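Hi there,

Here is the structure I promised to pass on. Have a look at it first, and then read on for what turned up.

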Amino acid sequence: MEIFKSALYSARRENDSFTGGGTYLGPGLLIAFVCLLHGIENGCQTIEFLAIDDAEFQHKRLIRYYKTAGFEEVRYVGEELKDIPDRLVWGGCGTLMTNDIEQVLLKWTRIIRGANRRMERENNE
C-alpha cells in the first residue's frame, strides 16, 4: 500500500489534471475480490483476517482498514495458552476479524462500481 501511495502522489505531481487513484481501499481490493469469488465457488462462506500486532500504531491502522473493508472484530489472539491454536494458524498475535463473504462482496461491488462511475465522468469531461 505504501508503494501504491508514493506512485499515486508522484503521478499527481507530474500531471495536475490527474485525479485518479482508485478507491480508498487501493488496488488490492480487486485482487481480494477475485480471491473471495474463488472462495465462494469452492464452498467457503466466511472470510477471516488477522490484523497482526507487530506495533501498536500499525495494528490500529490494520483494524481500521479491515473495518472499512467490511470486517468485524472477533477477539484478540494473544500469547495465552488458549490462543495457541490460533497462533499456529496465523503465526502471530493480533485481532481476528471476520464476516460473511457475500456481505463483503456486496460492499466491495458498490465501491468498485462507484469508482468506475467516477472514472467514466472524469474521462467524459
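A question to start with: which residue in strand 3 is the bridge partner of E72? The partner is T98. Please keep in mind that this is a predicted model.

That bridge belongs to the pairing of strand 2 with strand 3 (residues 94-100), which is antiparallel and runs over 5 bridges. The sheet as a whole is open and has 3 strands in the order 1-3-2, again with antiparallel pairing. Its edges are strand 1 (46-52) and strand 2 (72-77), each of which pairs on one side only. If you ignore direction, neighbouring strands of this sheet are turned by 25° against each other on average. Helix 3 (residues 56-68) packs on the sheet and touches strand 1, strand 2 and strand 3. The direction of helix 3 makes about 160° with that of strand 1.

Next, the nonpolar core. The largest one has 16 residues, and L36, F71 and W108 are those with the most contacts inside it. Four elements are worth colouring in your viewer: helix 2 (28-41), strand 1, helix 3 and helix 5 (101-124) are the ones that give two or more residues to this core. Helix 5 supplies the largest share, with 5 residues.

Now to the rings, which may be the part you enjoy. Searching the whole structure gives 5 aromatic pairs. In one of them, Y65 and Y66 sit edge-to-face, at 5.7 Å centre to centre and with 65° between the planes. Y66 also pairs with F71, edge-to-face as well, with 5.9 Å between the centres and 80° between the planes.

How do these three residues stand in terms of accessibility, buried or partly exposed? Y65 has a relative accessibility of 27%, so it counts as partly exposed, since that class lies between 20% and 50%. Y66 is buried because its relative accessible area of 13% is under 20%. F71 has a relative accessible area of 4%, and therefore it is buried too.

Stepping back, ring pairs link F49, Y65, Y66, F71 and W108 into a cluster. Two members of that cluster, F71 and W108, will be familiar from the core, where they are among the residues with the most contacts. If you open the model with that cluster in view, F71 is a good place to begin: F71 is buried, it pairs with Y66, and it is one of the residues with the most contacts inside the largest nonpolar core.

Happy exploring, and best wishes!

Conventions:
Residues are numbered from 1 along each chain as its sequence is written. This is a predicted model: local features need pLDDT of at least 70, side-chain atom pairs count only at pLDDT 80 or more; totals for chains, interfaces and linings use all residues. Side-chain values use heavy atoms; hydrogens and water are left out. Two strands pair if DSSP finds at least two bridges between them. Axes are lines fitted to C-alpha atoms, for helices over the stretch in contact, and angles run from 0 to 180 degrees between N-to-C directions. Contact means heavy atoms within 4.5 Å. A nonpolar core is a set of buried Ala, Val, Leu, Ile, Met, Phe, Trp, Tyr and Cys residues joined through side-chain atoms within 4.5 Å. Buried means under 20% relative accessible area, exposed over 50%, partly exposed in between (1.4 Å probe, protein chains only). Rings of Phe, Tyr and Trp (its six-membered ring) pair if their centres lie within 6.5 Å; planes under 30 degrees apart count as stacked, over 60 as edge-to-face and the rest as tilted.
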